[in-house]
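Here are my notes from a read through this one, set out as numbered points. Have the model open while you go through them.

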Amino acid sequence: MIYTKEEILSNHNFAQPNEMAGYLLHGGLNEEGEYISPRTRVRWKAVHQWTKILNDRGHELLDCSVDILKHDNFPSLNQAKLLLNQGEGQFLWNSLTITGIIEARGRALAEIEAPNFQNIIVEDISDTCVAHMNKGLFIAHGFDEGGDPDSDQGAHDQMWFASRDLLLGKESYPIPEVPESIGRPAKEREVPDLPIEHEGMLNLLLDVLMIEIRAESFFSYCMNLANAEDVFTDKREDALLAGEMVSRIRQDEAIHVAYLNLLISELRSFTFKTVDGREKKGSEIIDPLWQKMVQWHGEEVHRESVAIRSEEFVKLFEKINDSNLKSEFNSLSSNKELYSI
Ligand SMILES: [Fe+2]
Ligand SMILES: [Fe+2]
């Protein structure tokens, strides 16, 4: 199916605006009061149709579930509860702030222009997701993350800040240092079979897909925390509102994982014309790069961020100076080898 940019970007006719905790936010509610993500009037239908076309050609989607990640969140849910119930919320305040700032940067996706993939693909790609990257899919994605500049509705950045403020207060701590980039650092040419601009786009797509999958695991964590009965006990109502806010962000993110997975899966299914005039299966080009991406995001960067957090927790426990609390914290770890203070 072929769609226009306007169709891809179109909204449902919402019955009510998405207003929460004093913020006017993107998306809206239907007659039953259920949340509907922004710009999904056509996007979901299109992704399902293109997925069917892919399946009918005998190809499957990649596994993009959180199962491909090797590790869970640190601190674990129970460790987080222990600290929060001691009034130590800075670790979570920092995580939520950093997530909001990084979401705002995601707005840049709206400016991206993919090179023409039809030039290097043998099959006709006109009724695929790949052919619609520049026809609204990147714009919709960028606006979902950091907001549509022509709208007064807030997007994910504001939704994370609002959740943080509900749970822990607006200016409770100083703004933490935010990593400059959360993608895999650029390497020299890794896909010499393709023109450099196509290699760059492939790297970007795989990187953003892995970032979205890692985010999914953070959503469940935040929702479990906000919805738990035994934490934020003095502000259950605010906590539930924050949980609902995160669940709306999560709903919006589902289409991001879905279309990026579909893009990669379609590209794997095509035959590429290499720069030296041969033909090569997409899967042979993409799979090695995907493996590296899964390894980096799931393992290497996780260990790095655990090391940074561990240092912060060491300092925190020095300040608290309560060895019982520290041993309780360590006993609640989900991976004693990796996550011990
Ligand atoms: Fe987002
Ligand atoms: Fe996203």
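**Notes on the model**

1. Starting with the strands: S1 (residues 16-20) and S2 (residues 23-29) run antiparallel and are joined by 5 bridges. Bear in mind throughout that this is a predicted model.

2. If you want to check the register of that pairing, Asn18 sits opposite Leu25 in S2, and Glu19 has Leu24 as its bridge partner in S2. The two strands make a hairpin with 2 residues between them. In that turn, look at the backbone of Ala21, whose phi is positive, at about 50°.

3. S2 also pairs on to S3 (residues 35-36), again antiparallel, through 2 bridges. Here Leu29 stands opposite Tyr35 in S3. The S2 and S3 hairpin has 5 residues between its strands, and Gly33 takes a positive phi near 80°.

4. How enclosed is S2? Of its 7 residues, 5 are buried, so the rest of the structure largely encloses this strand.

5. Now the metal site. Which protein residues hold the iron ion (ligand 2)? Its donors are OE atoms of Glu145, Glu212 and Glu253 plus ND1 of His256, with Glu212 listed twice, and they lie 1.8 to 2.5 Å from the ion. Along the sequence, the donor residues follow the spacing E-x66-E-x40-E-x2-H.

6. The donors also connect distant parts of the chain: Glu212 belongs to helix H7 (residues 196-227) and His256 to helix H8 (residues 236-269), with the pair 44 residues apart. Both Glu212 and His256 are buried.

7. If you plan to set up the metals, treat the two irons together. The iron ion (ligand 2) is 3.5 Å from the iron ion (ligand 1), and Glu145 coordinates both.

8. Last, a pocket. The second largest one has a volume of about 230 Å³. Where does its lining come from? Helix H4 (90-105) and helix H9 (282-320) each give at least two residues, and H9 has the largest share, with 5 residues.

9. For anyone picking through that lining by name, the residues are Glu88, Gly89, Gln90, Phe91, Asn94, Arg309, Glu312, Phe313, Leu316 and Lys319. By character they split into 4 charged, 3 polar and 3 nonpolar.

Technical notes:
Residues are numbered from 1 along each chain as its sequence is written. Chains are lettered from A and ligands numbered from 1 in the order in which they are written. This is a predicted model: local features need pLDDT of at least 70, side-chain atom pairs count only at pLDDT 80 or more; totals for chains, interfaces and linings use all residues. Side-chain values use heavy atoms; hydrogens and water are left out. Donors are N, O and S atoms within 2.8 Å of the metal (3.2 Å for Na, K and Ca); water is not among the atoms, so sites may look incomplete. Helices (H or I, at least four residues) and strands (E, at least two) are DSSP runs, numbered from the N terminus. Buried means under 20% relative accessible area, exposed over 50%, partly exposed in between (1.4 Å probe, protein chains only). Two strands pair if DSSP finds at least two bridges between them. On a 1 Å grid over the protein atoms alone, a cavity is a set of points where a 1.4 Å probe fits but cannot get out, and a pocket is an open set with protein on both sides within 12 Å along at least five of seven lines; lining residues have an atom within 4 Å of a point. Grid points are joined across faces, edges and corners, and a volume is the space filled by probe spheres set on the points. Ala, Val, Leu, Ile, Met, Phe, Trp, Tyr, Cys and Pro count as nonpolar, Asp, Glu, Lys and Arg as charged, and the others, Gly among them, as polar.
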